[in-house]
Amino acid sequence: MGVDYVLFERICELSGRFRPEGRRLMLGRQSFRLEGGKIERKYANALKRHGIAADVASLQREDGFSEALWAGLGFGEMESMDFSKYEGAGIVHDLNKPVPPELLGQFGFIFDGGTLEHVFNVPQALDNVFHMLRPGGRFVSANGMNGWVGHGLYQFSPELAWTYWGRTMGCKVHACLGIKKMPLRGGEPLVFPDPADSGKRLRLKGLIPEGRVYLYYEVERLPTSAAGDIVLQSDYETLWHPHTNAGETRLDRQES
């Protein structure tokens with residue numbers, strides 16, 4: 001788990017438009033390591049592009065972890081949560097299980113740079129993140145979408161961001177992107193629209209680049225956000241909607 005160049009670029013962009021209130025948390029104690037020379041200059045150029053005055057060297061720690069990066073980009077002190085104390089996480093918790101009450105609604109920012117793909121009980125882990133966020137808080141996730149077979153337990157689909165976070169939990173989806181874990185040469189991310197807008201699932205054949213690709217999304221818990229009863233894939237919900245006898249659906253609520 002760690003912040004590579006493409007995630008560094010996204011965090012720099014986020015820092016220019018969002019400052020969290022409340023506590024900040026990373027799932028897993030994320031690393032941040034540079035090797036100097038040309039690579040370090042690429043990171044320095046990213047800071048300049050986003051109007052950040054920090055010196056890239058000041059964002060590094062000798063132990064290779066990322067706390068100095070987050071502080072230097074304006075996010076403040078980042079806590080970390082992990083299954084064990086192996087990497088020095090301050091909060092030890094198994095995300096397969098509900099988080100304790102004292103963590104509910106505590107965090108204005110949560111970052112996952114590749115932890116959820118290693119958690120078997122993903123629905124519980126996602127619920128944990130939602131309940132740990134305070135209203136106005138944001139969750140940023142970057143997990144494997146394609147090319148990561150054998151890396152973790154799962155690869156994720158854009159449908160997850162829109163269906164779980166957007167419709168089921170009532171959060172605002174600020175971004176849902178496919179970003180290639182790539183060398184330092186730029187490249188535009190894939191923008192994934194909400195499948196519910198068309199009622200059809202995304203057609204992505206031939207559009208996903210070769211190699212490892214992140215599903216990157218940013219969501220905000222709104223004051224009105226509330227956990228829904230069931231997660232239904234958008235295209236199936238569209239098909240079932242005229243025939244359901246189960247009472248009001250999410251589509252009914254959207255149309256009213």
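# Reading the evidence, value by value

Visitor: Why is R29 called buried?

Guide: R29 has a relative accessibility of 12%, and the cut-off for buried is under 20%, so R29 counts as buried. Please keep in mind that this is a predicted model.

Visitor: What makes D63 and R29 a salt bridge?

Guide: The side chains of D63 and R29 come together with N and O 3.7 Å apart. A salt bridge needs the nitrogen within 4 Å of the carboxyl oxygen, so the pair qualifies. D63 sits in the loop between α2 (37–49) and α3 (67–72), R29 in the loop between β1 and α2, so this pair ties together parts 34 residues apart in sequence. D63 has 35% relative accessibility and therefore counts as partly exposed.

Visitor: How many salt bridges does the structure hold, and which residues are linked in a network?

Guide: The structure holds 15 salt bridges. R10, E13, R17, R138, E218 and E220 are linked in a network of them.

Visitor: How do you know that E218 and R138 belong together, and what do they connect?

Guide: The closest N and O atoms of E218 and R138 are 2.6 Å apart, which lies within the 4 Å limit. E218 is in strand β8 and R138 in strand β5, so the pair ties together parts that are 80 residues apart in sequence.

Visitor: Are E218 and R138 buried or exposed?

Guide: E218 has 1% relative accessibility and so counts as buried. R138, at 11%, also falls under the 20% cut-off and counts as buried.

Visitor: And why are E13 and R17 called partly exposed?

Guide: E13 has 26% relative accessibility and R17 39%. Partly exposed covers what lies between under 20% and over 50%, so E13 and R17 both belong there. Their side chains meet in a salt bridge of 2.7 Å, N to O.

Visitor: Which residues touch the most other members of the largest nonpolar core?

Guide: Among its 34 residues, L27, M81, I110, F139 and W165 do. At least two core residues come from each of β1 (23–27), β4 (107–112), α4 (122–132), β5 (133–146), α5 (158–168), β6 (172–180) and β8 (213–220). α4 gives the largest share, six residues. Leaving out residues up to four places away in sequence, L27 touches M1, M81, L95, I110, F111, D112, T115, L116, V129 and F139. Another core, of 33 residues, lies apart from this one, and I11, A46, V56 and W148 are among its members.

Visitor: How do you know that α4 is mostly covered?

Guide: Eight of the 11 residues of α4 are buried: V122, Q124, A125, L126, N128, V129, F130 and M132. These buried residues pack against β1, β2, β4, β5, α5 and β8.

Visitor: What makes you say that β4 is largely enclosed by the rest of the structure?

Guide: Six of the six residues of β4 are buried, so β4 is largely enclosed. Five bridges join β1 to β4, and the two strands run parallel; R23, for instance, has F107 as its bridge partner in β4. Five bridges also join β4 to β5, again in parallel, with I110 partnered by F139 of β5.

Visitor: Why are β3 and β7 said to stand at the edges of the sheet?

Guide: The open sheet has eight strands in the order β3-β2-β1-β4-β5-β8-β6-β7, with mixed pairing. β3 (91–92) and β7 (190–191) each have a single partner strand, so one side of each is left without a neighbour in the sheet.

Visitor: What makes β2 and β3 a pair?

Guide: Two bridges join strand β2 (residues 78–82) to β3, and the strands run parallel. Pairing requires at least two bridges, so β2 and β3 satisfy the rule. M81 has I91 as its bridge partner in β3.

Visitor: Why is L239 called exposed, while S234 is called buried?

Guide: L239 has a relative accessible area of 55%, above the cut-off of over 50%, so L239 is exposed. S234 has 2%, so S234 is buried. L239 is found in helix α6 (residues 234–240), and so is S234. S234 touches E159, T163, R167, P195 and A196, not counting residues up to four places away in sequence. L239, with Y236 and W240, makes a nonpolar surface patch of about 340 Å².

Methods. Residues are numbered from 1 along each chain as its sequence is written. This is a predicted model: local features need pLDDT of at least 70, side-chain atom pairs count only at pLDDT 80 or more; totals for chains, interfaces and linings use all residues. Side-chain values use heavy atoms; hydrogens and water are left out. A nonpolar core is a set of buried Ala, Val, Leu, Ile, Met, Phe, Trp, Tyr and Cys residues joined through side-chain atoms within 4.5 Å. Buried means under 20% relative accessible area, exposed over 50%, partly exposed in between (1.4 Å probe, protein chains only). Helices (H or I, at least four residues) and strands (E, at least two) are DSSP runs, numbered from the N terminus. Contact means heavy atoms within 4.5 Å. Patches are made of residues with over 30% relative accessible area and no salt bridge: like charges are joined within 9 Å, nonpolar side chains (Val, Leu, Ile, Met, Phe, Trp, Tyr) within 5 Å. Accessible areas come from the Shrake-Rupley method with a 1.4 Å probe; for residues, only the protein chains shown count as cover.
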